[in-house]
Amino acid sequence: MSSLPTTIADELSITLGNLADAATGTVTPTLRIGVTGLSRAGKTIFITALIHNLLTGARLPGFPPMAEGRLIGARLAEHPDNATPRFAYENHLAALTGHPPAWPESTRRISQLRLTLRYQSARWLRSQLGISTLNLDIVDYPGEWLLDLPLLTKSYAEWSAEALALARRPARAAEAKDFLDALSHIDPAREADEVTAETLATSFTHYLRTSRGDARALSTLPPGRFLMPGDLEGSPALTFAPLPPPAATPRHASLYAMLERRYEAYKSVVVRPFFRDHFARLDRQIVLVDALRALNAGPEAVADLETALTSVLACFRQGASNPISRLFTRRIDRILFAATKADLLHHTSHPRLEAILNRLVANAARRAKFAGAETRSLAIAAIRATHEGTVKDNGETLHTIIGTPENGQRLGEVVYDGETEIALFPGDLPENPDSLFKTADSTPHLNFLRFLPPANLPVSETGDPVFPYIRLDRALDFLVGDKMQ
Ligand code: GDP
């Protein structure tokens, strides 16, 4: 049975939360920015670089409050929310500035951090009133969790039917085989037992996670916590899997009935609180997309990424079809789509990367705009791991990127050792993004490797390391600039 999408208690809780925000807001206005994206899209690096640039007063020419000298300073504020872990900024920075530098651990659960910005308003009247202050709450959470929104209106039988139909598709045959084999030995009407539930949940989770591997890069089917469990790893709330419908109405003690109860519990104990306590309180959102990883894996992965992004972005749509719409007492008014790791391409290819990003989010963006949110797309690199060069090949000049591939990265027959710097021609992105969604023959040959983070960073006048970036300043401006006028 499908449970009600919202409850009066939910609405009350959000209203009270927002009232509390508004009450503190009379002292210092607060802007809550959500940072999301599927696993390894670049959330951790984006947030770490953003905070570091603001705290150290880095050069940000595309961010007017900084470029015009109006930003007086930024500092980390006391953690505002006892129930949400703090974003581990210091640990992440330590990894990036270590000897040798390393990429920090990626986002695995929700976390949050508050920065307080002091600035001089650009408006005459406000600037006469003295220095202004803005709290910036940055909320980092796995995009996988947004996949769960449609579950709120789906019964266990409906979700099972969809999940099993997908698992039986030929494209997923290899990953889904073990799960489907396990399922074929089980009668849903049999007596419920914990071991069977666990076996099924484990092989279902394994199937979902292997689909996400680099080679396949098939994204993302709910339940989101099966892909990114956060603090629920191993919890009974995640011990369920889809089952085919039993021939007759299932008994209370049957396996089917047990898994159905678990599914309903997942919705009420895990999904709804996330949307109510975190998502519904965001003002703005950046959605990070690792389009290059999908391009590397081929057209199927690209089409799949589009599907996943459309379901992720459905959450930003307001209206009758969105089961949490009623919960929005505040509304997300800006959404930034960012294609990350643009440093894996020469800058001459960035317009094409932005065109691909636009194509990937086209459906979703149209809907979000319809709901009154302003959207923008940018190709960014929060931390550049490469610089640019050119090589001559048969009289032709090729634009390359130069950096050190991670140990074990492979290009054809060559396996890199994590120490050798190379110049790489990643290939040309197509002029027409549509070709990337078609057959393998129509896609160009592209090479995107994982590079080590930059070493020997330059140091600012204040002695802080300076991370090179691409358009991070413009991303910041879209998210915050208008609030610091
Ligand atoms: P998350 O799962 O979204 O938190 O992803 P991370 O921020 O941890 O990023 C995943 C990986 O992508 C990192 O370990 C890096 O290898 C790579 N990465 C992230 N941002 C950049 C970037 O700006 N440039 C490059 N070259 N690689 C990046």
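In this short talk I will walk through the chain as a whole, then one helix, then its aromatic rings, and finally two loop residues.

Please keep in mind from the start that this is a predicted model. The chain has 14 helices and 12 strands, and of its 485 residues 54% are buried. If we take the contacts in the chain with a separation of 6 or more, 75% of them are made by residues 24 or more positions apart. The accessible surface of the chain comes to about 21500 Å², and carbon and sulfur atoms account for 54% of that surface.

Let us turn to helix α4, which covers residues 89-96. Which residues of this helix are buried? They are Y89, H92, L93 and L96, and when we look down the axis of α4 these buried residues fall within an arc of 100°, so they line one face of the helix. The general background is that an α-helix has 3.6 residues a turn, so residues three or four places apart point the same way. As for what lies over the buried residues of α4, the cover includes helix α2 (43-55) together with the strands β2 (71-76) and β3 (111-119).

Now to the aromatic rings, where the count comes to 18 aromatic pairs. One of these pairs is W159 with Y263, whose ring centres are 5.3 Å apart and whose planes meet at 15°; because planes under 30 degrees apart count as stacked, this pair is stacked. The pair links distant parts of the chain, since W159 belongs to helix α6 (residues 156-167) and Y263 to helix α10 (residues 255-277), 104 residues apart. Are these two residues buried or exposed? W159 has a relative accessibility of 3% and therefore counts as buried, and Y263, at 0%, counts as buried too.

For a contrast in geometry, consider F274 and F275, whose ring centres lie 5.2 Å apart with planes at 70°, so that this pair is edge-to-face. Both of these phenylalanines are buried. Ring pairs also join a number of residues into a cluster, among them Y156, W159, F179, F204, Y263 and Y266.

Rings can also have a charge over them. The charged end of R225 sits over the ring of W145, at 3.3 Å from the ring centre, and in the other case I want to show, the charged end of R334 sits over the ring of F478, 4.9 Å from its centre.

I will finish with two loop residues, beginning with S121, which is found in the loop between β3 and α5 (124-128). With a relative accessibility of 5%, S121 counts as buried, because the cut-off for buried is under 20%. What does the side chain of S121 reach? It reaches the backbone oxygen of Q485 at 2.8 Å, while a polar atom of this same S121 side chain lies 3.0 Å from the backbone nitrogen of R123. Leaving aside neighbours within four places in sequence, S121 is in contact with R70, R126, S127, S132 and Q485.

The second loop residue is T404, placed between β9 (396-403) and β10 (410-411). Its relative accessibility is 18%, and since buried means under 20%, T404 counts as buried. Not counting residues up to four places away in sequence, T404 touches G418, E419, T420, E421, F451 and L452.

Key:
Residues numbered from 1 in each chain as written. Predicted model: local features only at pLDDT ≥ 70, side-chain atom pairs only at ≥ 80, totals over all residues. Heavy atoms only, no water. Buried < 20%, exposed > 50% of the residue type's maximum accessible area, 1.4 Å probe, protein only. Helix = DSSP H or I, 4+ residues; strand = E, 2+ residues; numbered from the N terminus. Arc of directions from axis to C-beta. Contact = heavy atoms within 4.5 Å. Phe/Tyr/Trp six-rings, centres within 6.5 Å; stacked < 30°, edge-to-face > 60°. Lys NZ or Arg CZ within 6 Å of the ring centre and 35° of its normal. Polar contact = N/O pair within 3.5 Å; in protein donor to acceptor, adjacent residues only side chain to side chain. Areas by Shrake-Rupley, 256 points an atom, 1.4 Å probe, with all protein chains shown as cover.
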